[in-house]
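User: Please take a close look at one part of this model, namely the packing of its helices, and then set that part in its surroundings. I would like the terms explained as they arise.

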Amino acid sequence: MNQIPKTTGKNHPDTATLLDWDRMHQIHPWAAMDNWRGYETMLVDSAAGIYIWDAAGKRYLDGPGGMWCTQIGYGRQEMADAISAQVMKIPYSSPFSSATQPSVLLCKKLAELAPGDLNNVLLTTGGSTAVDTALRTMQYLNNRRGLPNKKLIIAREKGYHGSTYLAHSVTGKERDKSHFDFETRLVHLLPDVNPYGRPDGMSVDEWCDEKVTDLARTIAKLGAENIGAFIAEPVLASGGVIVPAPGYHKRTFDLCRENDILYISDEVVTGFGRLGHWFASSDVFGIEPDMITCAKGLTSGYLPLGACIISDRVMEQMSNLGSPSSYANGYTYSGHPVSCAAALKNIEIIENEGLLQHVRKITPHFQDRLRALKKFPLVGDARGMGLLGCIECRAENLEAERSLGERIDVACEEMGLLVRPLINMAVFSPPLIITHAQIDEMFDILEKALEIVTADLAREAA
Ligand SMILES: Cc1ncc(COP(=O)(O)O)c(C=O)c1O
């Protein structure tokens with residue numbers, strides 16, 4: 001898998017031209033508007049295994065796994081075959097009036113893999129639409145129950161749930177909300193749960209108590225009769241791979257149950273093997289949510305697809321209310337047969353290659369190498385879980401600190417490693433097929449990058 005794959009097609013415009021056209025015509029997510037058309041990006045050409053190649057033929061280890069999603073790695077012939085076969089069999093059929101073999105098989109499979117009585121699946125186009133579906137389902141349910149006031153949503157600072165209006169509204173990343181409107185009446189954000197942020201002298205257990213109390217207090221303040229759902233990522237990924245304190249998930253889940261508040265577990269990142277299990281909610285954190293949202297690793301990024309998995313309990317509540325009503329939610333591409341065929345093949349590969357077991361086996365090495373980065377004074381915290389990792393850096397002044405993610409990214413890229421910079425942090429979630437030796441390759445480069453950035457900062461300060 002270390003050979004550069006052959007580029008197909010002839011007479012491509014050259015790289016500089018393509019990048020020019022990119023700047024002229026393509027709006028990238030989170031593009032910097034103050035630098036419109038000055039935007040620099042990489043023209044990615046091809047990929048195999050855990051590596052990608054840019055248009056100049058330079059190879060990079062894919063540290064972020066695309067965007068937390070390339071579980072089985074790139075260049076899988078079986079995926080190409082499954083996708084192409086489905087395209088030729090039937091590429092599209094309206095989900096409003098029909099089912100296809102792949103959509104039925106996938107929903108049945110997801111019901112088997114999901115915990116407890118989560119047996120009902122609405123297929124969506126990605127993570128944001130899965131989150132939207134979960135939240136709208138809560139609204140629909142409580143309207144039908146005759147509880148029109150019970151629709152407030154509790155979410156958390158630093159949580160990320162997507163880019164549709166409602167998913168954006170429950171997102172707790174302050175910077176992402178600048179200049180966009182979002183729903184304020186419906187959403188209440190709880191303070192940051194990151195144990196790294198706890199005051200000096202406070203134990204992790206005390207921090208956990210405080211975070212659970214934040215939820216209890218909010219329920220008391222808003223009134224349980226007004227709250228429809230609590231939405232939470234098991235590990236807050238884009239917020240900087242924040243792993244809440246042990247016991248937090250179970251205690252917050254219990255509070256929701258006691259107060260008739262639906263618990264929505266957003267497993268868009270943590271699902272499909274990232275923590276060594278199909279879903280983390282039950283297997284890692286011991287809770288059986290009312291709804292699970294997933295996407296990304298569901299197809300390993302080969303095609304867009306998401307899912308909102310809903311419990312029998314919720315479905316029965318919604319359907320046993322007598323009055324006729326249609327559940328007017330869904331998409332032209334719900335249950336897209338080609339995406340579903342890709343998801344089924346992806347799940348088959350994860351099963352056949354024992355990738356969940358593989359992740360559980362290599363996680364200790366990944367986490368050891370990650371935590372060893374704390375030896376650099378620049379690194380304030382090195383944290384993670386499964387094949388998720390983050391280093392949070394610190395510097396003398398805020399301006400320097402805010403540039404650290406970017407600096408580490410540049411140094412890593414130079415040496416053939418991609419990471420994802422987030423202000424003063426760098427995060428990684430490599431493909432699940434990564435080997436022990438490739439984990440070493442990744443962290444060896446990171447260590448060198450940290451040495452370079454440390455030396456640069458010292459030089460600048462002198
Ligand atoms: C936890 C979580 N939820 C939802 C989303 C939104 O998914 P999408 O970008 O597929 O709409 C993301 C995307 O990063 C995510 O990390």
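Analyst: Helices α7 and α8 are roughly parallel to each other, because angles under 35 degrees count as roughly parallel, over 145 as roughly antiparallel, 65 to 115 as roughly perpendicular and the rest as oblique. The model is predicted, so local features need pLDDT of at least 70 and side-chain atom pairs count only at pLDDT 80 or more, whereas totals for chains, interfaces and linings use all residues. Residue numbers start from 1 along each chain as its sequence is written.

Helix α7 comprises residues 204-222 and helix α8 residues 248-258; their axes cross at roughly 15° and come within 10 Å. Here an axis is a line fitted to C-alpha atoms, for helices over the stretch in contact, and the angle, from 0 to 180 degrees, is taken between N-to-C directions. Helices (H or I, at least four residues) and strands (E, at least two) are DSSP runs, numbered from the N terminus. The crossing of α7 with α8 is right-handed; a crossing is right-handed if the near helix is turned clockwise from the far one by less than a right angle, and left-handed if anticlockwise.

On the α7 side, the contact involves Cys208, Lys211, Val212, Leu215, Ala216 and Ile219, which meet Tyr248, Arg251, Thr252 and Leu255 of α8. Two residues are in contact if their C-beta atoms, placed from the backbone, lie within 7 Å. By class, this contact of α7 with α8 holds seven nonpolar, one polar and two charged residues. In this scheme Ala, Val, Leu, Ile, Met, Phe, Trp, Tyr, Cys and Pro count as nonpolar, Asp, Glu, Lys and Arg as charged, and the others, Gly among them, as polar.

A second pair is formed by α3 (residues 77-89) and α11 (residues 337-352), whose axes come within 9 Å and cross at roughly 150°. Helices α3 and α11 are therefore roughly antiparallel to each other, and α3 passes α11 in a right-handed crossing. From α3, Glu78, Met79, Ala82, Ile83, Gln86 and Val87 take part; from α11, Pro337, Val338, Ala341, Ala342, Lys345, Asn346 and Ile349 do so. Nine of the residues in the contact of α3 with α11 are nonpolar, two polar and two charged.

A third pair consists of α5 (residues 127-144) and α10 (residues 312-319), with axes that come within 9 Å and cross at roughly 45°. That angle makes α5 oblique to α10, and the crossing is left-handed. Tyr140, Leu141 and Arg144 of α5 contact Val314, Gln317 and Met318 of α10; four of these residues are nonpolar, one is polar and one is charged.

Helix α5 also gives the most to the shell around the ligand, with three residues. In total 15 residues surround the ligand, the closest being Gly126, Gly127, Ser128, Gly162 and Val268; a residue is near a molecule or strand if its C-beta atom, placed from the backbone, lies within 6 Å of it. The shell divides into six nonpolar, seven polar and two charged residues.

As for the wider setting, the protein chain is divided into domain 1 (15-72 + 355-461) and domain 2 (79-352), with bounds from an automatic or database domain assignment. Taken over C-alpha atoms, the centres of domain 1 and domain 2 are separated by 27 Å. Their contact takes 26 residues from domain 1 and 20 residues from domain 2. Helix α12 gives the most to the side of domain 1 that touches domain 2, with five residues.
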